[in-house]
Amino acid sequence: MNRYDRIYSVIRRIPAGRVATYGQVAMLAGLPGQARMVGYALAALSARSRLPWQRVVNAQGRVSPRSSGSGVEALQRMMLRREGVRFGASDAIPLAIYRWRPRIAGR
DNA sequence: CCACTGACGAGTG
DNA sequence: GCACTCGCCAGTG
């Protein structure tokens, strides 16, 4: 899993109340165009990892549907709302407002 | 080695 | 909005 460490360290920097997209995380982790690897790295996480996994959403600003409909999507939205993130129509988060914009430090 | 499956994303019709 | 296709690539059988 050493391969995913760069991805995890990026996610650890996302502040509460903000979200980042899979592609954005991949980019910041130095893996441009490999958004899929981010999803793969997150899927390998244990259910209650201390990583703020809920702050990673897809490019539409929506919680990505899991293949194993375990209901975590609802939990994720709940956790985000609890941090102050508001959802718009179709359960989409307005990325123009909530997208995390890191300073040119971790690149 | 091959085939298939993904918490993705951009593009096309 | 919907349905594909393609590019990406780790993990599994």
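I began with Leu-28, which has its place in helix H2; helices here are DSSP runs of H or I with at least four residues, strands are runs of E with at least two, and both are numbered from the N terminus. Before going on I noted that this is a predicted model, in which local features need pLDDT of at least 70 and side-chain atom pairs count only at pLDDT 80 or more, while totals for chains, interfaces and linings use all residues. I also noted that residues are numbered from 1 along each chain as its sequence is written, that chains are lettered from A and ligands numbered from 1 in the order in which they are written, and that side-chain values use heavy atoms, with hydrogens and water left out.

**Entry: Leu-28**

I looked up the accessibility of Leu-28 and found a relative accessible area of 10%, so this residue is buried; buried means under 20% relative accessible area, exposed over 50% and partly exposed in between, with a 1.4 Å probe and protein chains only. I then checked Leu-28 against Ile-7, and the two are 21 residues apart in sequence and 8.2 Å apart in space, C-alpha to C-alpha.

**Entry: DNA strand B**

I next asked which residues come nearest to DNA strand B, and of the 15 around it these are Tyr-22, Arg-36, Asn-58, Arg-66 and Ser-67; a residue is near a strand if one of its heavy atoms lies within 4 Å of it. Of the strand B atoms within 4 Å of the protein, 43% belong to sugar or phosphate, and the rest belong to bases.

I listed polar contacts, which are pairs of N or O atoms within 3.5 Å; within protein, one atom must be able to donate a hydrogen and the other to accept it, and residues adjacent in sequence count only if both atoms are side-chain atoms. Arg-36 places a polar side-chain atom 2.6 Å from a base nitrogen of DNA strand B, and for Arg-66 the distance from a polar side-chain atom to a base nitrogen of this strand is 2.7 Å. With Gly-23 the partner is a phosphate oxygen of DNA strand B, 3.4 Å from a backbone N or O atom of the residue. Helix H2 (22–28) and helix H3 (35–43) are the elements that give two or more residues to the surface near this strand, and H3 provides the largest share, 5 residues.

**Entry: DNA strand C**

Around DNA strand C I found Arg-3, Tyr-4, Gly-33, Gln-34, Arg-36, Met-37 and Tyr-40. Here sugar and phosphate account for 75% of the strand C atoms that come within 4 Å of the protein. A side-chain N or O atom of Tyr-4 is 3.2 Å from a sugar or linking oxygen of DNA strand C, and for Tyr-40 the corresponding distance to a sugar or linking oxygen of this strand is 2.4 Å.

**Entry: the tyrosines**

I searched the whole structure for aromatic pairs and found 2; rings of Phe, Tyr and Trp (its six-membered ring) pair if their centres lie within 6.5 Å, and planes under 30 degrees apart count as stacked, over 60 as edge-to-face and the rest as tilted. The rings of Tyr-4 and Tyr-8 have centres 6.3 Å apart and planes at 70°, so I recorded this pair as edge-to-face. Tyr-4 and Tyr-40 also form an edge-to-face pair, because their ring centres are 6.3 Å apart and their planes at 75°. Since Tyr-4 lies in the segment before helix H1 (5–12) and Tyr-40 in helix H3, this pair ties together parts that are 36 residues apart in sequence. I noted that Tyr-4 is buried, with a relative accessible area of 12%, whereas Tyr-40 is exposed, at 53%. Tyr-4, Tyr-8 and Tyr-40 form one aromatic cluster.

**Entry: Asn-58**

I returned to Asn-58, which lies in the loop between E2 and H4 and counts as buried at 17% relative accessibility. Its side chain reaches the backbone nitrogen of Gln-60 at 2.9 Å. Leaving out residues up to four places away in sequence, Asn-58 touches Thr-21, Tyr-22, Val-63, Ser-64 and Leu-95, where contact means heavy atoms within 4.5 Å.

**Entry: helix H4**

I finished with helix H4 (residues 72–82), whose buried residues are Glu-73, Gln-76, Arg-77, Met-79 and Leu-80. Seen down the axis of H4, these residues fall within an arc of 160°, so they line one face of the helix; the arc is that of the directions from the helix axis to the C-beta atoms. The buried residues of H4 pack against strand E2 (56–57), and just after H4, Gly-84 takes a positive phi of about 105°.
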